[in-house]
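The following explanation is best read with the coordinates open in a viewer. Please follow the elements in the order in which they are introduced.

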Amino acid sequence: MNIVKFQGFRYQTPYEHSKDTFCKQRWIGKPLLLVEQELGAPLLLNHQTVPKDTLLKDGDIVSSKWHQHEPPILDLEPQIVFESDDLLVVDKPCSFAVHPTGNTLYQSLTMTLSGYGKLYPVNRLDKPTSGLVFLARTPDKAKNMANELQESQKIYLARVLGVFPESLECTARLSTDHKAKTTVDVLGKHSLTHFKLLETNGTESIVECRPISGRTHQIRVHLQHLGFPITNDVHYGPKQKKVGFEEPAIYERANGCETCQHPKLWPEKEDLVLWLHCYKCVHPNWSYQSNPPDWSHLNP
């Protein structure tokens with residue numbers, strides 16, 4: 001696959017992608033055409049072309065093939081914090097998915113580091129969040145490390161709006177919907193985060209965050225709930241996401257993709273960065289720490 005670097009972005013040129021999926025329960029007894037309409041792509045059934053009115057049954061394999069544009073990431077390199085025969089500890093840059101997911105395959109962290117062999121993610125960070133990611137190099141190490149991470153203390157740095165108090169804790173219960181949007185909910189799951197002020201300039205603050213529970217987007221939502229949202233958070237903060245700009249013609253003709261004839265929108269660089277960083281992980285048997293990001297030091 002061809003990776004192109006362009007004005008601070010790293011971009012995977014478009015490619016043909018295929019995927020096999022076992023027949024889902026809701027598809028059983030339905031014609032292939034309805035499943036094609038749901039997935040938005042022409043399909044093969046059991047790796048063969050069949051009439052569109054063919055009814056699906058349990059055990060069938062539905063195959064899809066499509067032209068893929070991966071979203072760009074920032075042209076940053078993962079930093080190896082620790083390496084052994086069975087473990088990598090990596091400082092993940094913002095904008096990287098930890099593993100292949102959705103419309104990202106080749107530009108995920110595990111694929112970027114594929115020269116180290118097959119890697120098994122032990123923890124995950126959101127794409128725009130940077131910091132420590134543990135990648136086991138064997139299934140046994142992944143299992144053992146997952147247990148140890150449950151017993152470890154993770155320490156994050158966040159840059160928030162306002163003058164943060166010396167210390168706070170948030171116990172707001174949280175619920176996450178089917179779109180991975182988390183909200184404060186009195187009927188939600190128990191959640192606890194400890195916060196400590198590190199630095200402030202009177203407008204913004206750098207805060208140390210210690211999540212005790214591990215809910216989706218917990219730190220971001222707890223900070224929002226306390227009235228000190230992460231300064232550049234487009235989902236739980238005051239910042240508005242920009243529309244983006246048309247995908248540059250860096251690999252194909254100027255009026256869009258030669259295959260799908262459709263120009264894509266690239267995000268603005270600033271929308272790929274969240275001022276939240278997994279800075280340190282501490283366990284009775286080990287401790288790993290990354291370098292603090294540039295944004296974690298405020299100007300007076």
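Two strands are said to pair if DSSP finds at least two bridges between them. Helices (H or I, at least four residues) and strands (E, at least two) are DSSP runs, numbered from the N terminus. The model is predicted: local features need pLDDT of at least 70, side-chain atom pairs count only at pLDDT 80 or more, and totals for chains, interfaces and linings use all residues. Residues are numbered from 1 along each chain as its sequence is written, and side-chain values use heavy atoms, with hydrogens and water left out.

Strand S11 (153–161) offers a starting point. S11 and strand S16 (residues 204–211) are antiparallel and share six bridges; within this pairing, Ala 158 stands opposite Val 207 of S16. Six bridges also join S11 to strand S19 (residues 276–283), again in the antiparallel sense. There, Lys 154 has Cys 281 of S19 as its bridge partner.

Helix H3 (residues 139–150) comes next. Its twelve residues reach 17 Å from the first C-alpha to the last, close to the 16 Å expected at 1.5 Å a residue, where the expected span is 1.5 Å times one less than the number of residues. Ala 142, Met 145 and Leu 149 are the buried residues of H3, buried meaning under 20% relative accessible area, exposed over 50%, and partly exposed in between (1.4 Å probe, protein chains only). These buried residues lie on the same side of H3 because they cover an arc of only 75° around the axis, the arc being that of the directions from the helix axis to the C-beta atoms. An α-helix has 3.6 residues a turn, so residues three or four places apart point the same way. Asp 140, Lys 143 and Gln 150, on the other side of H3, are exposed. The buried residues of H3 pack against several strands, including S8 (87–92), S10 (130–136) and S11; contact means heavy atoms within 4.5 Å.

A shorter description suffices for helix H1 (residues 32–39), in which Leu 32, Val 35 and Glu 36 are buried. They sit on the same side of H1, because their arc around the axis is only 105°. Strand S4 (43–45) is included in what covers them. Just after H1, Gly 40 adopts a positive phi of about 70°.

Finally, Ser 95 is placed in the loop between S8 and helix H2 (109–112). Ser 95 is buried, with a relative accessible area of 6%. Leaving aside neighbours within four places in sequence, Ser 95 is in contact with Ile 73, Leu 74, Lys 127, Pro 128 and Leu 272.
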